[in-house]
Amino acid sequence: LDEPLAGLDVAAADAVRTVLREVIATTRRTTVLVTHDLLDVFALADRVLVLESGRVAEIGGTAEVLAAPRSRFGARIAGFNLVAGVIESDGVLRTRWGDRWHGIADDGSGVGRPAVAVCTPRAVAVYREPPAHGSPRNLVAVTVAELDARGSAIQVRGVDQPDGAPGLAADITAEAAGELRLAPGEPVWFGVKAQEVTLRATHPGMA
C-alpha cells in the first residue's frame, strides 16, 4: 500500500485507517505500507523500517523505533532532537562542524564509530546569553527559525543544522517565552545536561 491515505480529508482518512486496521487484523496478512504519517505508523504498524537517502536507517518494532530513534526521519516523527557525528571519546560525540555533545553512550557506540546524539525538546533550556554559573554540559549557539504553540508549551525551533538535518527544538513554558521575548532570526543558546542526551551508534552512511 503506497500512501493509501494521501489526499484524503481528516474524517475520510480516519475512516479508511479504521477499515485498514480491521482488515489487516482479521485476515492476518502481511502488509507493506509506505507512509510519512505518524498516525498511520501508530495505528497500523507492528514493525517499522525507516528509509533515508536510499538506505535502511533503522528497523524494528514500532515502539522500539519511536522510543529510541537513530535516523533523522525517525527522530522527527517521534519528536526528538538528533545530531549526527562520530564518537570522539567515551561519552563524547563530535559533529562534522566541530561541536561536541556529551551524553550517555549505548553499548554499540565505540570510539570512531558514526553515532547520533538524541534528546527530547523538553530537556533543552534556552538562554539569551551563555549562563555564567551552573551551565549545562552541552551548550550550542542556535538561530531561531520559528516559534510554535504546543499546548501549554512553546516550541522554539532553530534553523537547520550545518549538515542539513532539522534544526534543534526546545519546549519551554509560555512564561519563559514571554521573558525571553524571542523572534525568528535571533541568536540564542540551547543548553542540555549530559544525562539527558543518549549517544547511539548508527549505520556508517548516516553520520
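**Exercise 1. Place Asp 40 in the fold and decide whether Asp 40 is buried or exposed.**

Solution. Start with the secondary structure: Asp 40 sits in helix H2 (helices are DSSP runs of H or I, at least four residues, numbered from the N terminus). This is a predicted model, in which local features need pLDDT of at least 70, side-chain atom pairs count only at pLDDT 80 or more, and totals for chains, interfaces and linings use all residues. Residues are numbered from 1 along each chain as its sequence is written, and side-chain values use heavy atoms, with hydrogens and water left out.

Next, accessibility: Asp 40 counts as buried because its relative accessibility is 3% (buried means under 20% relative accessible area, exposed over 50%, partly exposed in between, with a 1.4 Å probe and protein chains only).

**Exercise 2. Find which residue's side chain makes a polar contact with that of Asp 40.**

Solution. First list the contacts (heavy atoms within 4.5 Å). Beyond its neighbours within four places in sequence, Asp 40 touches Leu 5, Arg 17, Leu 33, Thr 35 and Ala 45. Then look for polar atoms: the side chains of Asp 40 and Arg 17 are joined by a polar contact of 2.8 Å.

**Exercise 3. Work out how the buried residues of H1 are arranged.**

Solution. Begin with the list: Ala 13, Arg 17 and Leu 20 are the buried residues of H1. Viewed down the axis of H1, they fall within an arc of 65 degrees, so they line one face of the helix (the arc is that of the directions from the helix axis to the C-beta atoms). Finally, see what they meet: the buried residues of H1 pack against helix H2 (38-44).

How values were computed: Helices (H or I, at least four residues) and strands (E, at least two) are DSSP runs, numbered from the N terminus. A polar contact is a pair of N or O atoms within 3.5 Å; within protein, one must be able to donate a hydrogen and the other to accept it, and residues adjacent in sequence count only if both atoms are side-chain atoms.
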